[in-house]
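Student: Could we go through some of the labels people put on a model like this? I'd like to see the reasoning behind each one.

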Amino acid sequence: MIAFAYDLEKEDYLNFQLYTSSTDENFIKQRKKERYRISLLTLIFGCVLFFEDGYRLYSYCFLGTSVLYFLFYSWWAAWYYKRAYRQQIEQHFKDSLPYHMEVSLVEDSVSIRTAKGSRRIEASQLSSITEIKDYFFVEESVYSTAIIIPKEPLQDAGAVRTMLMSYAESFNIEYSSNLDWEWK
């Protein structure tokens, strides 16, 4: 049995949200479409204005904006979505942070105790376990929730990793390690 306690902060929730967004196929497609759609739209406006008398200056502005938007979209979108998620988290969790959690990992279950109560999750009910550089994300299939476990406050992150990997092997749970992940 491995037991540990920690406090979840805004940044922990933010990193979980950013990771899940960056691995969601629909979100990735949406960002690609958005990049091309807005660039193409401003390019079309620029071309239309180019052939109108007296509007060449506006045409150059639209054409330049189209190129700049296309080039800097990745940086801008990363900043924009991070800011939007941070505001969403601040609104949703404004009265409950820091959120204290006590987690116990035993042979066949995960026990969680918080200020709102306690809960025991059978290891067979876990749908996936993800490890990134600073966190473990343990997702449950029944209630579609996730347990965010930051590595920093853990005394022995290796023991937690070993226990989570044993869950994955014993109960056929998807375990992914993405230690190079960064929000982009």
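Student: Why is serine 128 called buried?

Tutor: This is a predicted model, and in it serine 128 has a relative accessibility of 9%. Buried means under 20%, so serine 128 counts as buried. The residue lies in strand E5, residues 126-132.

Student: Which residues does serine 128 touch, leaving out those up to four places away in sequence?

Tutor: Phe137, Val138, Glu139, Ile173 and Glu174. Heavy atoms within 4.5 Å make a contact.

Student: And serine 66, buried or exposed?

Tutor: Its relative accessible area is 5%. The cut-off for buried is under 20%, so serine 66 is buried too. You'll find serine 66 in helix H3, residues 56-92. Beyond four places in sequence, serine 66 touches Ser39, Thr42 and Leu43.

Student: Staying with H3, what makes H1 and H3 oblique to each other?

Tutor: H1 spans residues 10-22, and the pair packs at an angle of about 130 degrees, with axes 10 Å apart. Roughly perpendicular covers 65 to 115 degrees, and roughly antiparallel needs over 145. The angle of about 130 degrees fits neither, so H1 and H3 are oblique. As for handedness, H1 passes H3 in a right-handed crossing.

Student: Which residues meet where H1 packs on H3?

Tutor: From H1, Lys10, Glu11, Tyr13, Leu14, Gln17, Leu18 and Ser21; from H3, Lys82, Tyr85, Arg86, Ile89 and Glu90. By class, that contact has five nonpolar, two polar and five charged residues.

Definitions and conventions
Residues numbered from 1 in each chain as written. Predicted model: local features only at pLDDT ≥ 70, side-chain atom pairs only at ≥ 80, totals over all residues. Heavy atoms only, no water. Helix = DSSP H or I, 4+ residues; strand = E, 2+ residues; numbered from the N terminus. Buried < 20%, exposed > 50% of the residue type's maximum accessible area, 1.4 Å probe, protein only. Axes fitted to C-alpha atoms, helices over the stretch in contact; angles between N-to-C directions. Parallel < 35°, antiparallel > 145°, perpendicular 65-115°, else oblique. Left-handed = near helix turned anticlockwise from the far one by under 90°. Nonpolar A, V, L, I, M, F, W, Y, C, P; charged D, E, K, R; others polar.
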